Amino acid sequence: MKRIVLYIFLLFFPILSVVFVNEITRTVISKNDYKKYTIKTINSGFKNAKKCSWACHNNTNFCKKNHVKLLANHFDKTDPFYFGIVTSLKATGNYKLANIILLVIVFPLIFYILLVKCVQIQYKINKHLKND
């Protein structure tokens, strides 16, 4: 029973954390009239050197120049991976759907399965050590 609760926790904790952080930050973002795909957005579309916006989504180089500090020295390593993913998603013909399927469903599911497998192996190790 403990394991099932742990697995449920491992499944929902990351999702709830993302929702929690998004809702907390929503309250500090000022209102705007920017729309993306006819849907009103939280962030503006204006370029802002101090904070990311939809301008960063639409112009990655602007964001890298103004906002990326930690990995700035490693663009030669991260750019092929990042732009490779973007190019691959665009190559499907439906970037938005491919993005949701792969980055929101498939990859997190794979990570979850691997995490559960790690927990199961740890339980086996603990059981083995307890028996010795």
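**Buried cysteines and overall form of the predicted chain**

At a relative accessibility of 7%, Cys56 counts as buried in this predicted model. Cys63 likewise falls into the buried class, its relative accessibility being 15%. The sulfur of Cys63 is the nearest cysteine sulfur to that of Cys56, at 3.6 Å, and Cys56 takes part in no disulfide. For Cys63, in turn, the nearest cysteine sulfur is that of Cys52, 3.4 Å away, and Cys63 is also in no disulfide. Because a disulfide is assigned to a pair of cysteine sulfur atoms within 2.5 Å, the separation of 3.6 Å between the sulfurs of Cys56 and Cys63 does not qualify, and neither does the separation of 3.4 Å between those of Cys63 and Cys52. By this rule, the count of disulfides comes to 0.

Two of these cysteines reappear in the surroundings of a histidine. His67 is located in the loop that runs between helix H3 (60-66) and helix H4 (75-91). With a relative accessible area of 17%, His67 is buried, since the class requires a value under 20%. When residues up to four places away in sequence are left aside, the residues that His67 touches are Asn48, Ala49, Lys50, Lys51, Cys52, Cys56 and Phe62. Cys52, which supplies the sulfur nearest to that of Cys63, is thus among the contacts of His67, as is the buried Cys56.

At the level of the whole chain, the secondary structure consists of 5 helices and 2 strands, arranged along the sequence in the pattern α-β-β-α-α-α-α. The radius of gyration is 20 Å, well over the 14 Å that the globule rule gives for 132 residues, so the protein chain is more spread out than a compact globule. The box filled by the C-alpha atoms, taken along the principal axes, has dimensions of roughly 65 × 35 × 35 Å.

Burial and contact statistics were also computed for the chain. Of its 132 residues, 16% count as buried, and Cys56, Cys63 and His67 each meet that criterion. Among contacts between residues at least 6 apart in sequence, 18% join residues at least 24 apart. The area exposed by the protein chain is about 11,000 Å², of which carbon and sulfur atoms supply 69%. As for charge, the chain carries 20 positive and 5 negative side chains, and the centres of these two sets lie 4 Å apart.

Technical notes:
Residues are numbered from 1 along each chain as its sequence is written. This is a predicted model: local features need pLDDT of at least 70, side-chain atom pairs count only at pLDDT 80 or more; totals for chains, interfaces and linings use all residues. Side-chain values use heavy atoms; hydrogens and water are left out. Helices (H or I, at least four residues) and strands (E, at least two) are DSSP runs, numbered from the N terminus. The radius of gyration is taken over C-alpha atoms; the globule rule is 2.2 Å times the number of residues to the power 0.38. Buried means under 20% relative accessible area, exposed over 50%, partly exposed in between (1.4 Å probe, protein chains only). Contact means heavy atoms within 4.5 Å. Accessible areas come from the Shrake-Rupley method with a 1.4 Å probe; for residues, only the protein chains shown count as cover. Lys and Arg count as positive and Asp and Glu as negative; His and the chain ends are not counted. The place of a charge is taken as NZ of Lys, CZ of Arg, CG of Asp or CD of Glu.
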